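Work through the exercises below with the structure open. Each task is followed by a solution in steps.

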Amino acid sequence: MAIINAPKGVPDYVPPRSRDFLSVQERLSSTARLSGYEYIELPVFESTELFERGVGTSTDVVQKEMYTFTDRGDRSITLRPEGTAGVMRAVIENRLDKGPLPVKLWYRGPFFRAERPQHGRYRQLQQVGVEAIGSSDPIIDAEVIALADQAYRSLGLKEFHLDVTSLGCLHCRPAYRLKLQEFLATCDLDQQTKERASVNPLRVLDDKRESVSTQLVDAPLMIDSLCDQCQDHYDQVREFLRLFGVKWNEAPRMVRGLDYYTRTTFEFVHPGLGAQSGIGGGGRYDGLMAELGGSELSGIGFGLGVDRTLLACEAEGLTPLSESILDVFIVPVGVESRVPCVSLLFALRAVGIAADVCVDNRSIKSAMKAANNTNAPLVIILGPDELSSKTVVVKNMASGEQQSLTNEKASLIPALQQALLTLQADPAKPEPEKPEPEKPETKKEAQS
RNA sequence: GUGGGUGUAGCUCAGCUGGUAGAGCGCUGCGUUGUGGUCGCAGAUGCCGCGGGUUCAAGUCCCGUCACUCACCCCA
């Protein structure tokens, strides 16, 4: 029988790597959760019109990357390619924009873009995002950027950098746009790029092809054409970033792929991912909510790519992010001890100790091997001897030490909790007998 | 949508100008009567991506096809 493959370009995360995926997702979102953002759960499909109007029909995302289909009621539906438009729709529809401001929300989940897959680029991608709606205070721009910066640092990432620029506003950008178009008209560009120059000239600045970029060294930049308000806003954002200790690069040619961005835009870039180096980004979108029929509220937010952030962690050698999903593994010896073992198992789980048990009546040797494979720091052995003496054997897998403890919840569970705390604070070396003469280079290679 | 690369054991890969399919890791068992990780010994596992062609003979050469992958455009 032929096996069925996953659709092109969608990632599977299987153990043990799925643990790291979850850790990345949880750590990125806990940063938002701990920063006053409320969770918002949204549908993964929306009316196609939402993205056409919100993201913009001139964008590549809308023009060629959306998964769009007609449902049974003849409605045009699209799997969401990004998060902000859906959040705005929900905020308007649920009247959150009429309540206390700013509305601060976070979300996570899958997004879909029908692109040609590549390292770090998938047709189903996972993001964690935040949106702060209803304030145009530049301090919130800086706070949002610092939040993303903090989220990455909480994973231990160090090698990323942050690009920041201002795209101006609805007042100063049109004039700049004309100026840029005049400049681009003097350049030698291919047909497709010419079309882009007429529809969305800013995006031409971002072209990485040398034949194009060499012609653009003297192109006018938005950053030099900001109106007084935008200039002031941008100056303040940068001043706050300085005060918050966030390091960034001025990136006047950076253009983001979505039409709604105004003023502050930013992108986090990691060098370890190959061509798809953006691990997250965002910006301010001052006209979006009104465009979607809501209040005239400005907003700012970001989306952080979970898939790419995981790749970044791997590139920096930070994985595995957790050693084991278990605290305790229980090894029964002989059939009579199976039920007592499972009773103990339930008691441990009930107090929040992650525990599993060996099944299939395996030999103690085989069961210990299974225990070792789980990486659980503690193993409990319970057989005929322990049953008759009402004890269990608790083995520290790192040190190999084991001790006999009375099998009574009141004393055993606190003892286990204490042992786990001690191990967490001061994990024993993996191989205390060996002084580990290996060279660090060899070890690094073996890991990567 | 355009271009390059790769498909051989569970994983990473070797296999020369065609001649009966290999390594390391992992896995299973044994060395231990109730103890894993280290060490030693033994063992299992392959439609060599799929279809066709050339040949006495194809993992190897040719054609097609599918899949994966990297890059361009663009993006998380």
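**Exercise 1.** State which helices and strands each supply at least two residues of the surface near RNA strand B, and find which gives the most.

Solution. The model is a predicted one. Step 1: the helices that each supply at least two residues are α3 (60–64), α7 (191–199), α14 (364–374) and α15 (384–389). Step 2: the strands that do so are β6 (124–133) and β10 (278–284). Step 3: α14 gives the most, with six residues.

**Exercise 2.** Describe the residues around RNA strand B by class and name those that come nearest.

Solution. Step 1: the surface near RNA strand B divides into 20 charged, 15 polar and eleven nonpolar residues. Step 2: of the 46 residues around the strand, Arg-113, Arg-121, Gly-257, Arg-308 and Asp-385 come nearest.

**Exercise 3.** Determine which parts of RNA strand B lie within 4 Å of the protein, and give a contact for phosphate, sugar or linking oxygen, and base.

Solution. Step 1: of the RNA atoms within 4 Å of the protein, 53% belong to sugar or phosphate, and the rest to bases. Step 2: for phosphate, an oxygen is 3.4 Å from a side-chain N or O atom of Gln-118. Step 3: a sugar or linking oxygen lies 3.1 Å from a backbone N or O atom of Gly-280. Step 4: for a base, a nitrogen is 3.0 Å from a polar backbone atom of Tyr-122.

**Exercise 4.** Give the strand order of the open sheet that contains β2, β3 and β4.

Solution. Step 1: the order is β2-β4-β3, with antiparallel pairing. Step 2: β2 (45–47) and β3 (67–70) are the edge strands, each pairing on one side only. Step 3: four bridges join β3 to β4 (residues 76–79), and Tyr-67 stands opposite Leu-79 in β4.

Note on methods
Residues numbered from 1 in each chain as written. Chains lettered and ligands numbered in written order. Predicted model: local features only at pLDDT ≥ 70, side-chain atom pairs only at ≥ 80, totals over all residues. Heavy atoms only, no water. Pairing = 2+ DSSP bridges. Near = heavy atom within 4 Å. Polar contact = N/O pair within 3.5 Å; in protein donor to acceptor, adjacent residues only side chain to side chain. Nonpolar A, V, L, I, M, F, W, Y, C, P; charged D, E, K, R; others polar.
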